[in-house]
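Me: Could you take a close look at the salt bridges in this one for me? I'd like to know which side chains pair up, where they sit and how open they are to solvent.

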Amino acid sequence: MPGLSGRMSVVIKAKISKLLDRAEDPGETLEYSYQKQIELLQNVKKGIADVVTSKKRLQIQEESIRQQVVKLDTQARQALAAGQEDLARTALERKNVAQNELQSLDGQIADLQKQQEQLTDSEQKLKTKIEQFRSKKEVIKAQYSAAEAQVRISEAATGVGEEMADVGLAMQRALDKTENMKARAQAVGELEAAGTFDDLTQLGSGEDDIDRQLKQLSSSTEVDAELEKMKAELGTGSSPPAGELGAGAGGDSGARQAGDAAPASEPSQGSAQ
Amino acid sequence: MIVRIATEGQYELLENDVEALNELDNRAVAACEAGDEEQFSQVFQEMMDFVRRNGQQMADDRLEGSDVILPPPDSTMEDVRDDFTGEGLIPE
């Protein structure tokens, strides 16, 4: 039989025949085979623990980035209220990057959750098969002649062996995925350590390398839209709907509210009189 | 006939179902040889659905080897290119 089925069953059969050749009497073969099965079951447990650990790590990272998003949003508002539109924009760009990161983390966590459930199912299935093998083993040892026992052991071992190979495959795939995620989580961690999502108030007006990279990462239309929305909420901005701000557009006074600007002009009028 | 979907489990199919599965197998091979990824995914998914729909899930305590082992359900054409060429998973 060609293909995966071919390759897989060849591998399984090779492993099983090696296993059966190892011992001279069927009783010993059965015990050895059973030991191997128990070992694999332990490995599956370890694999599941690995997946759970990776998932927890991502969840912690997710929580930390979620807090950064809130912080960057607050900083953007503060910067805008203080008339520092460039700083607000930078904060929003970083927030945008952080939000994209959150979204991808969400997907990864869901993926790991699925892997975990699948492996737990597989573990259960393998456990049942091993249990079945254990009781069959006792029957074979007690009831059959050596020659007949060989045939029956081979049958039973193929059934369990295939299940073991399959669980092994599922586990390998799950571990490959967690490896990829670990690498990514580390990259995000480094980005965080480099201060990418950190306090912006320490940042001058100068644009550094990280900012330029972030600008490329974040979608400028999204940032623009959010900046406009924020301006509208704060009642500031270059394009107010009612046009009450007049000359304030784009200038420094754009950061102040229209209400502030009006009383400020009155005392100066009063003192002139 | 016992069919395993790798990473999912074993299903017992009636002998009559083999022909239909073989037909899908041939279509998967054709799509793979033509390099038609979209067509391949569709046929491959049909294969999975066919086995799940027509097969009886095998009890966990049965110890039997499978006649055919299908690749994991989330496989791409690239993953299984070697399996779906020539005679495919099910030889004529």
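Reply: A:Arg134 and A:Glu131 sit three residues apart in helix H3 (residues 85-143) of chain A, so about one helical turn separates them. Their side chains meet in a salt bridge, 2.9 Å from N to O. Keep in mind that this is a predicted model. As for solvent, A:Arg134 is partly exposed at 32% relative accessible area, and A:Glu131 also counts as partly exposed, at 41%.

That pair stays within one helix, but A:Arg173 reaches across to the other chain. Its partner is B:Asp74, with the closest N and O atoms 2.2 Å apart. A:Arg173 belongs to helix H4 of chain A, while B:Asp74 lies in the loop between S4 and helix H3 (77-80) of chain B, so this pair joins two chains. A:Arg173 is partly exposed, with a relative accessible area of 27%; B:Asp74 is partly exposed too, at 44%.

There's also a linked set: A:Asp73, A:Arg77, A:Lys95, A:Glu226 and A:Glu233 are joined into one network by salt bridges that share partners. One of the contacts here is between A:Arg77 and A:Asp73, whose closest N and O atoms are 3.1 Å apart. Both of these residues lie in helix H2 of chain A, four residues apart, or about one turn of the helix. A:Asp73 is buried because its relative accessible area of 17% falls under the 20% cut-off. A:Arg77, at 29%, is partly exposed. Over all chains, the structure holds 26 salt bridges.

Since helices H2 and H4 of chain A have both come up, here's what else they do. Helix H2 (26-81) and helix H4 (146-193) of chain A each give two or more residues to the lining of the largest cavity. That cavity holds about 30 Å³ of space, and its lining consists of A:Ser54, A:Arg57, A:Leu58, A:Met181, A:Lys182 and A:Ala185. By type, the lining divides into three nonpolar residues, one polar and two charged.

On the chain B side, strand S4, which borders the loop holding B:Asp74, is part of an open four-stranded sheet with the order S3-S2-S1-S4 and mixed pairing. S4 (68-70) is an edge strand there, as is S3 (56-57), each pairing on one side only. Further into that sheet, strands S1 (residues 2-5) and S2 (residues 9-12) of chain B run antiparallel and are joined by four bridges, with B:Val3 standing opposite B:Tyr11 in S2.

Definitions and conventions:
Residues numbered from 1 in each chain as written. Chains lettered and ligands numbered in written order. Predicted model: local features only at pLDDT ≥ 70, side-chain atom pairs only at ≥ 80, totals over all residues. Heavy atoms only, no water. Pairing = 2+ DSSP bridges. 1 Å grid on protein atoms, 1.4 Å probe; cavity = no way out; pocket = protein on both sides within 12 Å on 5 of 7 lines; lining within 4 Å. Points joined across faces, edges and corners; volume = space filled by probe spheres on them. Nonpolar A, V, L, I, M, F, W, Y, C, P; charged D, E, K, R; others polar. Salt bridge = Lys/Arg side-chain N within 4 Å of Asp/Glu carboxyl O. Buried < 20%, exposed > 50% of the residue type's maximum accessible area, 1.4 Å probe, protein only.
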